[in-house]
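Student: I have a new structure to look at today, and I would like to learn how to read it. Could we go through it together?

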Amino acid sequence: MTKSDLIAQLAERFPQLVAKDADLSVKMILEALAEALGKGDRIEIRGFGSFSLNYRPPRIGRNPKSGEKVDVPQKWVPHFKAGKELRERVDGAVESI
Amino acid sequence: MTLTKAELADLLFEKVGLNKREAKDMVEAFFEEIRNALEAGDGVKLSGFGNFQLRDKPQRPGRNPKTGEEIPISARRVVTFHASQKLKVEVEHAYDGSES
């Protein structure tokens, strides 16, 4: 499923809204999620999951082409942890226990 | 600070002009559609943000940490998230200069 598929599904769910509202809503939500993480804020969506940042310490890397050493500075990387409902629904095996 | 569905609904109310009910339902539907796709075994690609993918993990041996008893961890399907290059760049320096 792509972003445009998602927008189309939402437009279908909300026939009382103009199609542009679904489009704008998806873009605003994704923008807000990215912005929150950009500020170092956590995101917690009950039943879906949480997004947070993980720390990567500075290290000395290598340019794979030249073999030359390069300093890779510390950085933060996005991390997602699926929530209980999402975990259980995706793992069909859980239902058969 | 933590971003939740309530803040996202407020945003849609203020910026998109949905009414409060619609804004709340839209946020719920946004995540529900993603869950539906993943539940159906379909990956989700949100360009500029990231991809949600599915991984099938085989059964592996496990142990009850309390009793030491061996119990197999059953085969399962899990969701993984891969941030887009754009998102990675946006968060790289999230806490720079904010250490106080």
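Student: Which residues form a positive surface patch in this predicted model?

Tutor: Good place to begin! Lys and Arg count as positive, so the patch is built from side chains of those two kinds. On chain B, the positive surface patch is formed by B:R55, B:K57, B:R60 and B:R76.

Student: Is B:R76 buried, partly exposed or exposed?

Tutor: Let's place it before we judge it: B:R76 sits in strand β6 of chain B, which covers residues 76-83. Buried means under 20% relative accessible area and exposed means over 50%. B:R76 has 33% relative accessibility, so it counts as partly exposed.

Student: What pattern of helices and strands does chain B follow along the sequence?

Tutor: Start with the parts: chain B has three helices and six strands. Now read them along the sequence, writing α for a helix and β for a strand. The pattern is β-α-α-β-β-β-β-β-α.

Student: What is the radius of gyration of chain B?

Tutor: A handy yardstick is a compact globule of 100 residues, which would have a value near 13 Å. The C-alpha trace of chain B spans about 55 × 40 × 30 Å along its principal axes. Its radius of gyration does not match the yardstick, as chain B has 19 Å.

Student: Is A:D41 buried or exposed?

Tutor: A:D41 forms a salt bridge with A:K39, and their closest N and O atoms are 3.6 Å apart. The partner A:K39 is exposed, because its relative accessible area is 52%. A:D41 has 13% relative accessibility, so A:D41 counts as buried.

Student: Where do A:E85 and A:R89 lie in chain A?

Tutor: These two side chains meet in a salt bridge, 2.8 Å from N to O. They are four residues apart, about one turn of the helix. Both lie in helix α3, residues 84-90.

Student: Which residue of chain B forms a salt bridge with A:R89?

Tutor: A:R89 is buried, because its relative accessible area is 17%. This pair crosses between chains, linking helix α3 of chain A to helix α2 (residues 20-39) of chain B. The closest N and O atoms are 2.9 Å apart, and the partner is B:E39.

Student: Which residues are joined with A:R89 and B:E39 into one network?

Tutor: Follow the shared partners: A:R89 bridges to A:E85 and also to B:E39. Salt bridges that share partners bring further residues in. Joined with A:R89 and B:E39 are A:E85, B:K5, B:E28, B:E32 and B:R35.

Technical notes. Residues numbered from 1 in each chain as written. Chains lettered and ligands numbered in written order. Predicted model: local features only at pLDDT ≥ 70, side-chain atom pairs only at ≥ 80, totals over all residues. Heavy atoms only, no water. Patch = residues over 30% accessible without salt bridge, like charges linked within 9 Å, V, L, I, M, F, W, Y side chains within 5 Å. Areas by Shrake-Rupley, 256 points an atom, 1.4 Å probe, with all protein chains shown as cover. Salt bridge = Lys/Arg side-chain N within 4 Å of Asp/Glu carboxyl O. Charge placed at Lys NZ, Arg CZ, Asp CG, Glu CD. Helix = DSSP H or I, 4+ residues; strand = E, 2+ residues; numbered from the N terminus. Buried < 20%, exposed > 50% of the residue type's maximum accessible area, 1.4 Å probe, protein only. Rg over C-alpha atoms; globule rule 2.2 N^0.38 Å.
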